[in-house]
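Please take a moment with the sequence and the structure shown here before reading on. The paragraphs after them are meant for a reader who has not met this structure before.

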Amino acid sequence: MFSKRGVIFAAIAAAGLVGLAACGKKEEPVKPAVKAETPKPAPLKIAFAYVGPVGDGGWTFAHDNGRKAAIKEFGDRIQTSFVENVPESADAERVIRDMASQGNKLVFGTTFGYMEPMLKVAGEFKEVRFEHATGFKSADNMRAYDVRAYEGAYVAGVIAGKMTKSNTLGFVASIPIPEVVRNINAFTLGAQSVNPKVKTKVVWVNKWFDPGKEAEAATALINGGADILLQNTDSSAVLQTAEKMGKYAFGWDSDMTAYGPKAHLASSIINWGPYYKKAIKDVLDGTWTVEANWWGMKQGAIDVVSISDVVPAEVKKLAEDKKAEIREGKFSIWTGPLTDNTGKQVLAKDTTGDDKFVASIMFFVKGVEGKVPSGK
Amino acid sequence: MTDLGWWGVPLGVLGGALRVSTPFLFVSLGECITEKSGRINLGLEGIMVMGAMAGYAVSLASGNPWLGVLAAGFAGLALGLLHGLICNLARVNDIAVGIGLMLFGTGFAFFLGKPYIQPKAPNLPAFSLGGWSELPQVQAALQVSPLLLIGIALAFALAWALCNTRWGLVLRMVGDSSDAARAMGYNVNLVRTLATAAGGLLAGVGGSFLSLYYPGSWTEGLSSGQGLMAVALVIFARWNPVYCFYAALMFGGAGSLGPALQSVGITSGYYLYNAAPYVLTLAIMLATCSPTRTLAGAPGELSIVR
């Protein structure tokens, strides 16, 4: 009988270890990344909670570039720190509370899953300002900010629609929330605007950052006939897989050219710098108010860069023109008639979806295969 | 490209089995050697991550991925040796040391690996076994890494060596009865230390597969518990290296079931498919705990069976 217990113990130990290993990563102390030498007025202390490692080369990397841009702008008037790999769980609350209690007057949370923990901590630290990325809830001292990543996805779609030979695009999706569903739709609509035959296959990996799963999903999509991939995950694995299998893909959040020079068509990047500068300026000037900031190409927060030389000049021009139209507000992606992939009309002819509509998109447009997984 | 429809699923699973199984195979072969000597090393997850980091760093610095594999092996050897030596001390629990080593290995690799996250190191070449087929999907599925072939050869060689060589017999004796080994004049601790070091070496090489072949770059999310699952896999494989190979294929295939099904349009219940390898681990653990069966092939000195 001992043997049985032994094995069960090992199983429990093994299961516990996974948790422990995860804990190990989170314990990094909040380190001031920049120390002000001799602060005349005390610098504004600002903390960033990141969902992945700064070195993910994608989402978190882009946020950290924004933080660095703010340091460049404000110098020793601010003192920033960050914590990487903060999971979207009860730990987020602990980390955010630590940040608030360590004298930070402005705290940025950079993923959707921090919304509830942040809301809770915001109620306890009334004098601290909280900024939450990609969420929709606010409080007296907490506001949401987001970027219109779908504008980049649309322009990527325009390029993909012209470049595809199989008329099948692949999308490696992370978690079924409106942000991701919207990007899948925008990518598909962009492609259909130049090539009505395009359809999009979607594989969900249920993680923001898991290179192994992302690569596996990319492989499955390519084997399923997709020849151009886009991803809404945080690593460069999809691009690398496309490179290995001789297909095309895009960089997402950051310029990923270096990860797959042959496969890389363009990168849809997020530039958080302008917003972080604005938010910090608001606090320094005492003009911080609760408002929703949803920035796109117009404000320089989204761009499509490093378009590859394999993209023909006229396609490149098409993409650049679309970018200009979006930037100048002459073109809206969410314009009717728009039908979902069950044939139901969601926007009537000549109507344009407002931000409320865009924020709550949980359907696939015509041309996307499958249905949005239910449940959170 | 022709649309394979439903045939894409078995093909995807086969491809996944060939792609993803290599780290499982190496880690489980390593653990097999260690456990045959009567010790268990739960730290292989940490050793694997360390191997992945070391392999990537050396490949980047030298431009030769094979030197990276070698470095990964050395890093694994060093950590395995550490586990072996610590466990030689009196009243040290090998499971607890393994947990410590796992946390140390992952943390240390993340610490040292920060500068290697962005640059791109040369990867290992791929072999194509699918040249006979016209279908690009088949060709893609049958792309294998040379490490897999080495691993398969190693599995069969190890199975033979355990039964037919002096070294193999000594290893098994030490694992089955340390008293008998002592009576024969063998140094039990030495054999176990060497076996753990060899296990670490293989786990390190398994890790280099992750950073140098598939997915093919060093990041902190590289191993999602593969090292731990490999330990479960050894028990499932009844401490038989050849069964380790089959089990590794099965685990690799299970991991690609989710994406393969989704790419043919089965989206409902994808959470469950994506969890397939973990569900499999759990199911195997339960099956091995069955009260009506005993653990055939289990080394008698293993602390978990004793």
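What follows is a guided reading of a predicted model, beginning with one helix and moving on to the backbone.

A good place to start is helix α10 of chain B, which covers residues 226-236. Of its 11 residues, 11 are buried, so the helix is largely enclosed by the rest of the structure. The buried residues begin with B:Gln226 and B:Gly227, run on through B:Leu228, B:Met229, B:Ala230, B:Val231 and B:Ala232, and end with B:Leu233, B:Val234, B:Ile235 and B:Phe236. After this helix comes B:Arg238, where phi is positive and near 55°.

One residue of the helix, B:Leu233, leads into a wider picture. When residues up to four places away in sequence are left aside, B:Leu233 touches B:Phe24, B:Ser28, B:Cys244, B:Ala247, B:Ala248 and B:Phe251. In soluble globular proteins, nonpolar side chains tend to be buried together. The largest nonpolar core here has 208 residues, and those that touch the most other members are A:Ala49, B:Leu233 and B:Cys244. Domain 1 (24-147) and domain 2 (149-269 + 302-359) of chain A each give residues to this core, so the core lies between these two domains.

The backbone deserves a separate look. Most residues other than glycine have a negative phi, and most peptide bonds are trans. Where, then, are cis peptide bonds found in this model? One joins A:Gly336 and A:Pro337, with omega about 0°, and A:Pro337 sits in the loop of chain A between α10 (313-327) and β14 (338-339). Another runs from B:Tyr214 to B:Pro215, with omega near 0°, and B:Pro215 belongs to the loop of chain B that lies between α9 (188-212) and α10, the helix whose residues 226-236 were described above.

Positive phi values also occur in chain A. A:Asn85, which is not a glycine, has a phi near 55°, and its place is the loop between β3 (78-83) and α3 (90-101) of chain A. Is A:Asn85 buried or exposed? Because 24 other C-beta atoms lie within 10 Å, A:Asn85 is buried, the cut-off for a buried residue being 20 or more. A:Asp253, likewise not a glycine, has a positive phi of about 75°, but A:Asp253 lies in a strand, β10 (residues 248-253) of chain A. With 27 other C-beta atoms within 10 Å, A:Asp253 is buried.

Conventions
Residues numbered from 1 in each chain as written. Chains lettered and ligands numbered in written order. Predicted model: local features only at pLDDT ≥ 70, side-chain atom pairs only at ≥ 80, totals over all residues. Buried ≥ 20, exposed ≤ 12 C-beta atoms within 10 Å, placed from the backbone. Helix = DSSP H or I, 4+ residues; strand = E, 2+ residues; numbered from the N terminus. Core = buried A, V, L, I, M, F, W, Y, C linked by C-beta atoms within 7 Å. Domains from an automatic or database assignment. Contact = placed C-beta atoms within 7 Å.
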